[in-house]
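Visitor: I am new to this structure, and I would like to ask how its descriptions are arrived at. Could you show it to me before we begin?

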Amino acid sequence: MSGYHVPVLGEEALDVLLEAGAGFFLDGTVGGGGHTLMLLERCPHCRVLAVDRDPEAIEAARRRLYAHADRVRFLATRFDRAVDDIEVRDRGLDGALLDLGVSSHQLDADRRGFTFRRGARLDMRMTPEGASAADVLARASEEELGRIFREYGEERHARRLARAIVEARADRPIETSDELVGLVDRALPGRVETQDRARIFQALRIEVNDEIDALEAALPAIRDALVGDGVLVVIAYHSLEDRIVKNAFREWSRSCVCPPGLPICTCRGEPLGETLTRKPVRPGDQELAANPRARSARLRAWRKAA
Ligand SMILES: C[S@@+](CC[C@H](N)C(=O)[O-])C[C@H]1O[C@@H](n2cnc3c(N)ncnc32)[C@H](O)[C@@H]1O
């Protein structure tokens, strides 16, 4: 997660992305432009397609990357749709980076409603259209709310919280972050810590922005757009996202795709590529001291076979 700060795991991401040299790269989550700036500065012959679904992020990145305008092209879209870009289709990608989640810019702007600051409206949309977090709280059934908090927030008392929301909204709509915080504090048993509230907010944000579907669609699409030796780097901040990335990379790196239980391999399949990170790369103490928001970051990388 980064905005105008130093990009999360920036050196680590660029070391692996640039291993094969200069080329044409996708930054699918350009945000405040941190990783792209680092890439363009480190690699004078590299070009970047800079994508973000948030038009405000695109504008911020455009300003920050002004000095490199001849080597970066911007596109406001979801990263799974970046592969429809004509240059990506015609030429292919030498590497791609997804630095998932929200930017500091989004988190810090009260009117975007990503945080639990008093009075902030529950919006949480990364794009101007679609249903806001307040809309989800108003319209989702008790079962849906339970699923959102359990799956995306790993909340043990998801059903209890879902019921409390349905009861509360019968009186009046839940529209601001402090109304939701109050509800969470009353509904969950025991002492409710900041990180418990953060997980509930994160679950709503993932639902509002359809983040899991976007990631699941993007991974194979970007893999197919990579040229041989091209590298895909993903930085995840949530165990559900990290698991999706880990499993995809593992699946693509298998040499045998026979159904389990066959005594010998009959498919003679070739791996599509190799996982470059046996374990996820985590930020070191120095990075964490400078940017505590990086604490949950996990980087994984995969290289397509030549
Ligand atoms: C953690 S920030 C990226 C920060 C950036 N790497 C930097 O160094 O400044 C994540 C960004 O990804 C964008 N984003 C999240 N999901 C997206 C998706 N499915 N498609 C496109 N952009 C997305 C968000 O709008 C946000 O700006």
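Visitor: How do the residues of the shell around the ligand divide into nonpolar, polar and charged?

Guide: This is a predicted model, and in it the shell around the ligand is made up of nine nonpolar, 13 polar and five charged residues. There are 27 residues around the ligand, and the closest are His35, Asp52, Phe79, Asp99 and Gln106.

Visitor: What makes the approach of His35 to the ligand a polar contact?

Guide: A polar contact needs a pair of N or O atoms within 3.5 Å. An N or O atom in the side chain of His35 is 2.8 Å from a nitrogen atom of the ligand, so the pair meets that cut-off. The side chain of Asp99 likewise has an N or O atom 2.8 Å from a nitrogen atom of the ligand, while for Thr29 a backbone N or O atom lies 3.5 Å from a ligand nitrogen. Of the 600 Å² that the ligand exposes when taken alone, the protein buries 99%.

Visitor: How do you know that strand S1 and strand S2 pair?

Guide: Pairing requires at least two bridges, and S1 (residues 24-27) and S2 (residues 47-52) share four bridges in the parallel sense, so they count as paired. Within this region, Phe25 stands opposite Val48 in S2.

Visitor: Why are strands S3 and S6 said to stand at the edges?

Guide: The seven strands form an open sheet with mixed pairing, in the order S3-S2-S1-S4-S5-S7-S6. S3 (72-76) and S6 (273-275) each have a single partner strand, so one side of each is left without a neighbour in the sheet. From one strand to the next, the twist averages 15°.

Conventions: Residues numbered from 1 in each chain as written. Predicted model: local features only at pLDDT ≥ 70, side-chain atom pairs only at ≥ 80, totals over all residues. Heavy atoms only, no water. Helix = DSSP H or I, 4+ residues; strand = E, 2+ residues; numbered from the N terminus. Axes fitted to C-alpha atoms, helices over the stretch in contact; angles between N-to-C directions. Near = heavy atom within 4 Å. Polar contact = N/O pair within 3.5 Å; in protein donor to acceptor, adjacent residues only side chain to side chain. Areas by Shrake-Rupley, 256 points an atom, 1.4 Å probe, with all protein chains shown as cover. Nonpolar A, V, L, I, M, F, W, Y, C, P; charged D, E, K, R; others polar.
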